[in-house]
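Subject: Handing over a structure, with notes

Dear colleague,

I am passing a structure on to you, and my notes follow below it. Please keep it open beside you as you read.

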There are 2 protein chains.
Amino acid sequence: MQYQEAKSKFIQAWGTLGSSWGINRAMAQIHALLLISDKPLSTDEIMVDLQISRGNANMNIRALIDWGIVNKELRAGERKEFFFADKDIWELARQVSRERQKRELAPILKVLGELDSIEGEDASAMEFKQVVKELKKFTGNVNGVLQKFSNSDEHWFYAVLMKLAK
Amino acid sequence: MQYQEAKSKFIQAWGTLGSSWGINRAMAQIHALLLISDKPLSTDEIMVDLQISRGNANMNIRALIDWGIVNKELRAGERKEFFFADKDIWELARQVSRERQKRELAPILKVLGELDSIEGEDASAMEFKQVVKELKKFTGNVNGVLQKFSNSDEHWFYAVLMKLAK
DNA sequence: AGTATATTTCAGAATATTTTGAAAATTCAA
DNA sequence: TTGAATTTTCAAAATATTCTGAAATATACT
């Protein structure tokens, strides 16, 4: 397979994967492009390569920086900014997990906490309490695992894998 | 807090959480409703409770059944179908993980496999190969963990948690 | 300050997704 | 069969999201 074909297949696939995880296509594709690029790219290069507008490119580059998975490089004597993605996939996974924990798990934990003490003793209320209780237990555990994961290194993860495998 | 208020807060929160995971709001809300209901509900009851149309209710109930997280109950002498969600949160998590593995991880693994042998020895091609290689390693590992998780029981998960904690 | 270059913003346009509701299809009992 | 009850389908409408492009803003050099 030719490089160009492989590249566009990969960018395409990454975009699709992103969509099903609540990340918009352009954002995922910019990330894919930076991930496989052997050097930092400017906004203009990204625009040309992915055929998207300046506004779109800019907004999504900022979002990626917000997520902490893309950084900018400033070059002495150059006005232009260049962007690059961290090549360490583990670091990427940890960062994404950290952000999603913050953006999604935290809010639901908060809501579950607020639902703590509902009134009523009838079947509906009892069932509700039970489900909320189980969900809290579950989300608490997930939270714990993510916490652990996002603060550990690749080596740790392999160790865990080994233990699981047995 | 009154039951009704708690119920609507919960349904609302579950809907929002669903959205950020690529599950549409109505689908997530129907699931939330069934999860906390102390008895199976008919399409009509769901329509009234969530204020959605028949078509919408029907489509999303089917989708939930497709995902394997909602089931129907048929009652002797009744035409109407009643729906209920599995109350076991662990079973729910396993099922969702199984489905996402099938729907999302499998396709990306397939693409990565196809990108195996790209031609070229220049910097771009080399970088590309390297990233694809790392991604394959990573997704392979994730796949392994999910596989393990989706075939194990709650007890196993706790055992893992204990090991991780140390 | 003036100028050229680059980045950001954002209203409107384009797309994509979700929802509705009524017609068509299905099911079951009489 | 027939027909009433129920489920399913799907075109059109409503809504939500994403994208564009040009104007506004910012930056750095002379």
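Which atom of DNA strand C lies 2.6 Å from a backbone N or O atom of B:Ser53? The partner is a phosphate oxygen of the strand. Please bear in mind throughout that the model is predicted.

**DNA strand C**

There are 16 residues around DNA strand C, and the closest are A:Asn58, A:Arg62, A:Arg79, B:Ser53 and B:Arg79. Besides the backbone of B:Ser53, the side chain of A:Arg62 also meets the phosphate, with an N or O atom 2.5 Å from a phosphate oxygen of DNA strand C. B:Arg79 turns up at a base, since a polar atom of its side chain lies 2.7 Å from a base oxygen of DNA strand C. The elements that give two or more residues to this surface are α4 of chain A and α4 of chain B, and the largest share, 4 residues, comes from α4(A). If you sort the residues near DNA strand C by class, you will find 3 nonpolar, 7 polar and 6 charged ones. Of the atoms of DNA strand C within 4 Å of the protein, 66% belong to sugar or phosphate, and the rest belong to bases.

**DNA strand D**

For DNA strand D, 15 residues lie around the strand, and those that come nearest are A:Ser53, A:Arg79, B:Asn58, B:Arg62 and B:Glu81. Sugar and phosphate make up 65% of the atoms of DNA strand D that come within 4 Å of the protein. Two of the contacts go to phosphate oxygens: a polar side-chain atom of B:Arg62 lies 2.4 Å from one, and a polar backbone atom of B:Glu81 is 2.9 Å from one. A base is reached as well, for an N or O atom in the side chain of A:Arg79 is 2.7 Å from a base oxygen of DNA strand D. The elements that contribute two or more residues to the surface near this strand are α4 (54-66) of chain A and α4 (54-66) of chain B, with α4(B) giving the largest share, 4 residues. By class, this surface has 2 nonpolar, 7 polar and 6 charged residues.

**B:Arg100 and its surroundings**

Away from the DNA contacts described above, I would ask you to look at B:Arg100, which lies in helix α5 (residues 89-114) of chain B. Is B:Arg100 buried or exposed? Its relative accessibility is 9%, and because buried means under 20%, B:Arg100 counts as buried. Its side chain reaches the backbone oxygen of B:Trp21 at 2.8 Å, and it also meets the side chain of B:Glu104 in a salt bridge, with 3.0 Å from N to O. B:Arg100 and B:Glu104 both lie in helix α5 of chain B, 4 residues apart, which is about one turn of the helix, and B:Glu104 is buried too. Leaving aside neighbours within four places in sequence, B:Arg100 is in contact with residues of both chains, namely A:Ser20, A:Trp21, B:Trp21, B:Trp67 and B:Leu105.

**Other salt bridges**

Over all chains, the count comes to 30 salt bridges. One of them joins A:Glu99 to A:Lys102, whose closest N and O atoms are 3.2 Å apart; both residues lie in helix α5 (residues 89-114) of chain A, 3 residues apart, about one turn of the helix. The two ends of this pair sit in contrasting settings, as A:Glu99 counts as buried at 6% relative accessibility, whereas A:Lys102 counts as exposed at 56%. Another salt bridge links B:Lys129 and B:Glu121, with the closest N and O atoms 3.8 Å apart; here B:Lys129 is partly exposed, at 27%, and B:Glu121 is exposed, at 64%. Across the two chains, A:Lys9, B:Lys110 and B:Glu114 are linked in a network of salt bridges.

**The nonpolar cores**

Lastly, the largest nonpolar core has 48 residues, and those with the most contacts inside it are A:Phe128 and B:Phe10. The largest share of this core, 8 residues, comes from helix α2 (residues 25-36) of chain B. Neighbours within four places in sequence aside, A:Phe128 is in contact with A:Leu115, A:Ile118, B:Tyr3, B:Ala6, B:Lys7, B:Phe10 and B:Ile36. A second, separate core has 46 residues, among them A:Leu41, A:Ile69, A:Ala93 and A:Phe157.

With best wishes

How values were computed
Residues numbered from 1 in each chain as written. Chains lettered and ligands numbered in written order. Predicted model: local features only at pLDDT ≥ 70, side-chain atom pairs only at ≥ 80, totals over all residues. Heavy atoms only, no water. Buried < 20%, exposed > 50% of the residue type's maximum accessible area, 1.4 Å probe, protein only. Polar contact = N/O pair within 3.5 Å; in protein donor to acceptor, adjacent residues only side chain to side chain. Contact = heavy atoms within 4.5 Å. Core = buried A, V, L, I, M, F, W, Y, C linked by side-chain atoms within 4.5 Å. Near = heavy atom within 4 Å. Nonpolar A, V, L, I, M, F, W, Y, C, P; charged D, E, K, R; others polar. Salt bridge = Lys/Arg side-chain N within 4 Å of Asp/Glu carboxyl O.
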